[in-house]
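Colleague: I'm new to this one. Could you show it to me and let me quiz you on the labels?

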Amino acid sequence: MLYMVVEQFKDDNAKAVYERYFDQGRMMPEGMTYLDSWVTVDLSRCYQIVECQDEAQLQSWMDNWTDLVDFFIRPVVPGADMMKAFQS
C-alpha cells in the first residue's frame, strides 16, 4: 500500500533531521520503500510517498524519528487509478 507521509519538523529544526539522515540513513525497516519526497521552501515540512505492506512497518520507522518529527499519515492511491475506478 502507498502512504502519504507528512513530517512536521519539531521546533522548525530541519538541521537535526538532516544530520540524523546523513549519519544513519532513512532507518526504514525491511520491506518498506521510499518513493519520493518534497520539502517546503521554509524547511518546516517534508511530504513523502512510501510503500509498505502493513502499518507496523510505518510505526517502526516513525519510532526512529518521533523525537524530531511529528507525523501525519494517510493511505493513498495514484490519481489515475482512482479515475479508472470511477469510469468503470
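Colleague: What makes Cys52 count as buried?

Modeller: This is a predicted model, and in it Cys52 has a relative accessible area of 0%. Buried means under 20%, so Cys52 is buried.

Colleague: And how do you know that Cys46 and Cys52 form no disulfide?

Modeller: Their sulfurs are 16 Å apart, too far for a bond. A disulfide needs the two sulfur atoms within 2.5 Å, so this pair doesn't qualify. The structure holds zero disulfides. Cys46 is buried too, with a relative accessible area of 5%.

Colleague: Why is the contact between Arg20 and Asp67 called a salt bridge?

Modeller: The N to O distance is 2.7 Å, and the cut-off is 4 Å, so the name fits. Arg20 sits in helix 1, while Asp67 is in the loop between helix 2 and strand 4, 47 residues apart.

Colleague: Is Arg20 buried or exposed?

Modeller: Arg20 has a relative accessible area of 18%; with the limit for buried at under 20%, Arg20 is therefore buried. Asp67, at 47%, is partly exposed, because that label covers values between 20% and 50%.

Colleague: What makes Lys10 and Asp70 a salt bridge?

Modeller: Their closest N and O atoms are 3.7 Å apart, which is within 4 Å, so the pair counts. Lys10 is in the loop between strand 1 and helix 1 and Asp70 is in strand 4, so the bridge ties together parts 60 residues apart in sequence.

Colleague: Why is Lys15 called exposed?

Modeller: Lys15 has a relative accessible area of 59%, and exposed means over 50%, so Lys15 is exposed. Lys15 also forms a salt bridge with Glu19, four residues apart in helix 1.

How values were computed
Residues numbered from 1 in each chain as written. Predicted model: local features only at pLDDT ≥ 70, side-chain atom pairs only at ≥ 80, totals over all residues. Heavy atoms only, no water. Buried < 20%, exposed > 50% of the residue type's maximum accessible area, 1.4 Å probe, protein only. Salt bridge = Lys/Arg side-chain N within 4 Å of Asp/Glu carboxyl O. Helix = DSSP H or I, 4+ residues; strand = E, 2+ residues; numbered from the N terminus.
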